[in-house]
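Subject: Structure for you to look at

Hello,

Here is the structure I promised you. Please open it next to this email and follow along. My notes come right after it.

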Amino acid sequence: MYRADTIVACATPAGRGAVSIVRISGNEAFAVADVVAQPHTTSSPASWKLHLSTVRNADGRPIDDALVVRMPGPRTYTGEDVVEIQCHGSPVVVEAIVRACMAAGARAAERGEFSRRAVLNGRMDLTQAEAVADLIDARATAGAQSAWNQLQGALSDRLANLRASIIEVLADIEANVDFTDEELPTENLPARVVQIEGACVDIESMLATFAVGRRQREGLRVVMLGPPNAGKSSLVNALLGEERMIVSDEPGTTRDSVHETVDVAGIALVITDTAGLRDTPSKAEAAAVARTHAEAGAADIVLLVLDGARPLGDDDVAIVAGVRRARGIVAVSKSDLGSAWSIVDNEALASLHWPTVVTSSRTSAGCDELRELLREFASAADAELSEPVVISRARHRSGLEQTRDRLRAAIGLLGDEGASELAALELRAALDALAGVTDPLGSEEVLDHVFAEFCIGK
Ligand SMILES: Nc1nc2c(ncn2[C@@H]2O[C@H](COP(=O)(O)OP(=O)(O)OP(=O)(O)O)[C@@H](O)[C@H]2O)c(=O)[nH]1
Ligand SMILES: [Mg+2]
């Protein structure tokens, strides 16, 4: 339900800084500002200009001197009248200003409510609002770039073209359904089928970007794998550059999967440290080992760590044989202790065809090479992308999949005699599924879900 009341929230992060911004939006935004902030100039404050003003609480006591800008709708972020108060970056000042605004008639904004109003007022569609969140949350440059493109409407435009193409075919079919009593003219049929097939190809090529998009948004999932005591946790610490993981000479130290994010040359890596793989009588450790297998299954890339300071045992060889993944890197650890590996040990790895790096967490030897391999892995996958539009959310993917499935059903029906009306129904369903991606305005549930992950003030 759209409420046109006036809302207020701090738009900058909580905490202390030089400046914080309190944002007000709604019909009464200027009226609230007039009560709360008195410009130092005598004339009435012009729009789109910063005015140095004294901000006061409900009792008229001064809180702060602030720069205040009044922005009349509809060409604002929310589409409504918006006021921004740039005050000193103190949580105490911010809190007092928000309270003063509420005393003057504004209501505390809910999560994502400014962006939600922007969508409801047609200032952006839902994919663009999601792009705002993605841009803010981006962990590295590639993700920020994709979010920016989406914010500029790259995805929206692409979907609009698809929509136009489907509507064209639909109009053509429906015109014929209306005008003939019996058999439909079939001379346009191949052209229609070709057009819908083209739309399917377009959707498929967008869907193919999902793995990269998700990775850009969430990070490349790197999962550590190996026997206990191999030095997995130590290597994670070395890659992070800080002692985050507990390390000890006791095998079975790590008992849970721990995720840490690190930016490697503009690429976000989510590194998961795991429990070492072994048969164990301990129930807790066995559960941890099961979790390790699950993590490895969901990894973009596995980093297999094997202790280079002792020859491989049967257990190690079994682990190597057990990793059935297309992509991985082997780290042969503890190089500072000298290598205990023979040709036999090296040969045991040959079947994997994975790049191998000799590392030491103690001296950081091999760590740069390892980072470079991870970076190359991520950017090689990105380079395969010939698509300018990158799908990064499961919501977009499922909408596109539904659209494609309906289009395919329509293609099947167009081949059947007398099934044009059914084909038209499928095309309408395809249009609905497509519209759900950018403009699910009828669905509070979808909007609630999307904006729940926004923060207050966004
Ligand atoms: N000399 C040397 N010792 C290392 C190196 N990396 C790890 N170690 C030692 O090896 C032992 C095990 O290290 P961890 O990092 O805890 O090994 P892990 O693979 O995480 O072990 P679990 O959590 O038990 O599966 C510790 O005593 C570390 O100090 C290294 O590069 N050089
Ligand atoms: Mg460990």
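Start with strand 12. This strand is mostly covered, as 6 of its 6 residues are buried. Look at its two faces in turn. Gly328, Val330 and Val332 lie on one side, and Ile329, Ala331 and Ser333 lie on the other. Residues on both sides are buried, so both faces of strand 12 are covered. In a regular strand the side chains alternate between the two faces of the sheet.

Which strands pair with strand 12? Strand 11, residues 301-307, pairs with strand 12 in the parallel sense, over 6 bridges. Find Val302, which stands opposite Gly328 of strand 12. Strand 13 also pairs with strand 12 in the parallel sense, here over 3 bridges. Ala331 has Val357 as its bridge partner in strand 13.

One point before you go further: this is a predicted model. Please keep that in mind for everything below.

**Two unusual phi values**

Most residues other than glycine have a negative phi, and most peptide bonds are trans. Two residues are worth a look here.

Lys334 is not a glycine, yet its phi is positive, about 60 degrees. Lys334 sits in the loop between strand 12 (328-333) and helix 12 (343-350). Is Lys334 buried or exposed? Count the C-beta atoms around it: 27 others lie within 10 Å, so Lys334 is buried.

His353 is also a residue other than glycine with a positive phi, near 55 degrees. His353 lies in the loop between helix 12 and strand 13 (356-358). Is His353 buried or exposed? It has 9 other C-beta atoms within 10 Å, so His353 is exposed.

**A cis peptide bond**

Next, go to Gly73 and Pro74. A cis peptide bond joins them, with omega at about 5 degrees. Pro74 is placed in the loop between strand 5 (62-71) and strand 6 (82-89).

**The open sheet**

Strands 5 and 6 belong to an open sheet of 7 strands. The order is 3-4-5-6-2-1-7, and the pairing is mixed. Which strands stand at the edges? They are strand 3 (37-39) and strand 7 (107-108). Each has a single partner strand, so one side of each is left without a neighbour in the sheet. Strand 1, residues 7-10, runs parallel to strand 7, and 2 bridges join them. Ile7 has Arg107 as its bridge partner in strand 7.

**The whole protein**

Now zoom out. The protein has 16 helices and 13 strands. Its radius of gyration is 29 Å, while the globule rule gives 23 Å for 458 residues. The first value is well over the second, so the protein is more spread out than a compact globule. The C-alpha trace spans about 85 × 80 × 40 Å along the principal axes. Of the 458 residues, 40% count as buried. Take the contacts between residues at least 6 apart in sequence: 70% of them join residues at least 24 apart.

The domain assignment gives three entries. They are domain 1 (7-125), domain 2 (138-209 + 391-438) and domain 3 (222-382). Notice that domain 2 is listed with two stretches of sequence. How many Å separate the centres of domain 1 and domain 3? Taken over C-alpha atoms, the separation is 51 Å.

**One leucine to trace**

Leu374 lies in helix 13, residues 367-383. With 23 other C-beta atoms within 10 Å, Leu374 is buried. What is Leu374 in contact with, leaving aside its neighbours within four places in sequence? The contacts are Val222, Val264 and Leu269. Now compare Leu374 with Thr6. They are 368 residues apart in sequence and 48 Å apart in space, C-alpha to C-alpha.

**The ligand**

Finish at ligand 1. How many residues surround it? There are 24, and the closest are Gly231, Ser233, Ser234, Thr254 and Gly276. Helix 9 (residues 232-240) gives the largest share of this shell, with 3 residues. By class, the shell has 6 nonpolar, 13 polar and 5 charged residues.

Best wishes

Note on methods
Residues numbered from 1 in each chain as written. Chains lettered and ligands numbered in written order. Near = placed C-beta within 6 Å. Helix = DSSP H or I, 4+ residues; strand = E, 2+ residues; numbered from the N terminus. Nonpolar A, V, L, I, M, F, W, Y, C, P; charged D, E, K, R; others polar. Rg over C-alpha atoms; globule rule 2.2 N^0.38 Å. Buried ≥ 20, exposed ≤ 12 C-beta atoms within 10 Å, placed from the backbone. Contact = placed C-beta atoms within 7 Å. Pairing = 2+ DSSP bridges. Domains from an automatic or database assignment.
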